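Subject: Handover of a structure and the findings from it

Dear colleague,

Please find below the structure that I am handing over to you. My account of what was found in it follows directly after.

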Amino acid sequence: MMSVFALRRCRIILATLVCLTCTRIVTAFDETILTKEQMRQFLLTAKVVKSRQSNKGITNPWRLTLTDGTVTHDASFQAVDEHKPVMQLATGSEVRFVDSYKYNIAAYHLAELLEMDDVLPVYVERTWQGQTGSLSWWLPVKMDEVERHKRNLTAPDADAWNNQMYKIRVFDQLVYDTDANLTNVLIGEDWKIWRVDFTRAFRLYKDLKDPKANLVRCDHQLLERLKALNGDEVAERTKHYLTKDEVKAVMARRDKIVEHFQKLISEKGEKEVLY
């Protein structure tokens with residue numbers, strides 16, 4: 001028979017394991033039930049307890065670990081805010097070049113207006129170590145599009161995957177990101193797609209980038225929201241991050257996107273264009 005001391009020891013071990021398990025469950029539960037507003041407040045107020053710089057991308061963002069005493073979570077910090085009359089790039093020279101963290105926040109506010117903020121992480125403006133930049137919620141991803149292509153992987157549900165990509169392509173046309181690349185498309189465990197890093201978006205171009213190739217299908221609700229998008233509301237929501245000319249360019253591209261899909265619908269029918 002088990003001695004009293006051995007039995008007591010087993011009970012203590014069992015109680016400890018239960019406590020540890022409960023702690024893990026509560027932590028995970030807290031993170032899953034956080035609303036967008038709770039994430040935003042966490043990013044704005046939680047204490048930074050750890051930092052390390054990434055070697056991915058052009059701006060080398062920082063990965064910060066934050067905690068409010070209850071929830072601990074990572075975030076991505078970008079402080080780039082570069083403005084040049086002319087910038088020499090691998091693709092050629094760009095006049096009125098801008099590479100700014102402000103565009104991350106502008107993109108998130110625009111996505112909110114279109115009810116597409118589930119495609120982007122929550123972005124806020126915050127100062128860390130004397131630098132002001134964008135801070136975004138760290139996403140539970142397993143790979144980016146570059147790695148997916150290297151590993152020759154395909155999503156188990158092709159239609160669901162394509163529908164996500166169609167939305168991202170519409171948004172990319174709207175914000176006109178000159179550095180849109182496969183490392184900025186992140187993939188979660190359930191093949192959910194996120195789009196991140198817009199520091200070179202919001203150019204003043206009013207035409208679209210190869211719409212015939214990039215704008216093939218559109219979510220019908222997104223198209224209706226694009227039609228209803230109000231320039232004054234966009235200007236108000238992004239007033240600290242976009243200039244008046246940048247907002248005008250967004251609205252001009254919106255008009256072109258809507259016109260493009262309306263033309264496709266007239267040619268192919270709604271069922272072939274909208275989903």
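Glutamine 173 touches Leu208, Lys209, Asn214, Leu215, Arg253 and Ile257, when residues up to four places away in sequence are not counted. Please note that the model is predicted. Glutamine 173 belongs to helix α5 and has a relative accessible area of 3%, so it falls under the 20% limit and is buried.

Two of the partners just named, Arg253 and Ile257, also take part in the packing of α5 with α9. How do these two helices lie relative to each other? The axes of α5 (residues 158–175) and α9 (residues 244–268) come within 8 Å and cross at roughly 140 degrees. The two helices are therefore oblique to each other, because an angle has to be over 145 degrees to count as roughly antiparallel. On the α5 side the contact is formed by Val170, Gln173, Leu174 and Val175, and on the α9 side by Val250, Arg253, Arg254, Ile257 and Phe261. Sorted by class, this contact has 6 nonpolar, 1 polar and 2 charged residues.

Turning to the interior, which residues of the largest nonpolar core touch the most other members? They are Leu110, Phe171, Phe202 and Phe261, out of the 70 residues in that core. With its neighbours within four places in sequence left aside, leucine 110 is in contact with Phe171, Leu174, Val175, Phe202, Leu229, Val234 and Val250. Among these partners, Leu174, Val175 and Val250 also belong to the contact between α5 and α9.

Methionine 116 is placed in the loop between α3 (102–113) and β6. Is methionine 116 buried or exposed? Its relative accessible area is 1%, so methionine 116 is buried. Leaving aside neighbours within four places in sequence, methionine 116 is in contact with Ala111, Lys167, Phe171 and Leu222. The last of these partners, leucine 222, is 106 residues away from methionine 116 in sequence, yet their C-alpha atoms are 8.2 Å apart in space.

Glutamate 115 is found in that loop between α3 and β6 as well. With a relative accessible area of 51%, glutamate 115 is exposed, whereas methionine 116 is buried. The backbone of glutamate 115 also deserves a remark: its phi is positive, at about 55 degrees, although the residue is not a glycine. Most residues other than glycine have a negative phi. A second case is glutamine 129, which is not a glycine and has a positive phi of about 50 degrees. Glutamine 129 is found in the loop between β6 and β7 and counts as exposed, at 64% relative accessibility.

Both β6 and β7 appear again in the surroundings of helix α2 (residues 36–45). The buried residues of α2 include Met39, Phe42 and Leu43. These three cover an arc of only 95 degrees around the axis, and therefore they are on the same side of α2. The buried residues of α2 pack against β2 (62–67), β3 (72–78), β6 (123–128) and β7 (131–137).

Finally, some totals for the protein chain. Its secondary structure comes to 10 helices and 10 strands. Of its 275 residues, 42% count as buried. Among contacts with a separation of 6 or more, 67% are between residues 24 or more positions apart.

Yours sincerely

How values were computed. Residues are numbered from 1 along each chain as its sequence is written. This is a predicted model: local features need pLDDT of at least 70, side-chain atom pairs count only at pLDDT 80 or more; totals for chains, interfaces and linings use all residues. Side-chain values use heavy atoms; hydrogens and water are left out. Axes are lines fitted to C-alpha atoms, for helices over the stretch in contact, and angles run from 0 to 180 degrees between N-to-C directions. Helices (H or I, at least four residues) and strands (E, at least two) are DSSP runs, numbered from the N terminus. Angles under 35 degrees count as roughly parallel, over 145 as roughly antiparallel, 65 to 115 as roughly perpendicular and the rest as oblique. Contact means heavy atoms within 4.5 Å. Ala, Val, Leu, Ile, Met, Phe, Trp, Tyr, Cys and Pro count as nonpolar, Asp, Glu, Lys and Arg as charged, and the others, Gly among them, as polar. A nonpolar core is a set of buried Ala, Val, Leu, Ile, Met, Phe, Trp, Tyr and Cys residues joined through side-chain atoms within 4.5 Å. Buried means under 20% relative accessible area, exposed over 50%, partly exposed in between (1.4 Å probe, protein chains only). The arc is that of the directions from the helix axis to the C-beta atoms.
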